Amino acid sequence: DQADRVELFEVGPRDGLQNEKRPIPTGEKIALVDLLSQAGFRRIEVASFVSPKWVPQMADGAEVLAGIRRAPGVSYAALTPNLRGYEGARAARADEIAIFASASEGFSKANLNCTIAESIARFLPILEAAKEQGLPVRGYVSCVTDCPFDGPTPPGAVAALAEQLTALGCYEISLGDTVGRATPESIAAMLKAVTGAVAPARLAGHFHDTGGRACDNIETALGFGLRVFDSAVGGLGGCPYAPGAQGNVATEAAMDRLQSLGFSTGLDRAVIDRAAALARTMREPR
Ligand code: HMG
Ligand code: MG
């Protein structure tokens, strides 16, 4: 039944691996993506085309996209901070791209070295080119409840940015609890504002699990009508520019919670478990 469906958007190969200090061989990244391609995901984020000085781990995005075996029906996504990144992603035949803005100025500066307004100005030519070339663009909004630099984020700021990115052509807005400190209460306050500005069918939840509440936050977001959530096998991840931030909610944990609530993800649990085990071997001990 369509009403009981929830999509998990696998972001492990990008958000999960970007923060690892050990240079992970390209072949290992490709092996992870190839395994994930058999799990039943509709979308997998596999690379980012950002400055290799800022995120050295993602410097081999083009090689990853060239090396994977593309499964039919799977969209392979890449993150792009500027037109140069967009051109890289397109040359590497990413199926869709994502731009990423912050709802707080402190994180915008730390992550993109510019103000929120300046980041939007950089995204405009990407959105224009993507529209012309028929590439879907997803929009991330970071720090939707808490910013490691500015403190709590006003829900109205998230709603305004989500609305702006939607108006500019993003087909979906992924709402990021970048630091993983959100609670069901702060998520509810944020979603009350955001769903007043953007339809829940165009929203996704992207919850890091630092505080151990990510599954609870998914449950809260389900109540607001969201049916897409970003997750990473093995709970890998963190953002190098968000001090203290830990991994994304684990895909397998999200599956368990969704199943207990009567939702199905259509994913093959045996493949997910193998991918989670593989992902954990790629992570250095902390
Ligand atoms: P900058 O230093 O202000 O700008 O960085 P720049 O234009 O001077 O670029 C610096 C150097 O990078 C230059 O090289 C550029 O050529 C090069 P140099 O001249 O010094 O040799 N460069 C590039 N190289 C390859 N690809 C590019 C590119 N652009 C510039 N596209 C910049 C500005 C935006 C580039 C930088 O701040 C950056 O790369 N930031 C990305 C940081 C990042 O990837 N963070 C993690 C992803 S976001 C995230 O994890 C959050 C999310 O998961 C949601 C959530 O959890 O909230 C999505
Ligand atoms: Mg993230």
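This is a short talk about strand β9, its partner strands and the residue S231.

Okay, ground rules: this is a predicted model, where local features need pLDDT of at least 70, side-chain atom pairs count only at pLDDT 80 or more, and totals for chains, interfaces and linings use all residues. Residues are numbered from 1 along each chain as its sequence is written, and chains are lettered from A and ligands numbered from 1 in the order in which they are written.

Let's start with β9, residues 203-207. Helices (H or I, at least four residues) and strands (E, at least two) are DSSP runs, numbered from the N terminus. In β9, 5 of 5 residues are buried, and buried is 20 or more other C-beta atoms within 10 Å of a residue's own, with C-betas placed from the backbone. L203, G205 and F207 point one way, A204 and H206 the other.

Now, who sits beside β9? On pairing, DSSP has to find at least two bridges between two strands. β8 (residues 172-177) runs parallel to β9, with 5 bridges, and I173 partners L203. β10 is parallel to β9 too, joined by 2 bridges, and H206 stands opposite D230 there. From β9 the chain crosses through helix α9, residues 214-223, to β10, and that crossover is right-handed, as in clockwise from first strand over helix to second, with the strands pointing away from the viewer.

Last stop, S231, in β10 (residues 228-231). Why does S231 count as buried? Because S231 has 33 C-beta neighbours inside 10 Å. Skipping neighbours within four places in sequence, its contacts (backbone-placed C-betas within 7 Å) include L8, E10 and N248.

Definitions and conventions. A residue is buried if 20 or more other C-beta atoms lie within 10 Å of its own, exposed if 12 or fewer, and partly exposed in between; C-beta atoms are placed from the backbone. Two residues are in contact if their C-beta atoms, placed from the backbone, lie within 7 Å.
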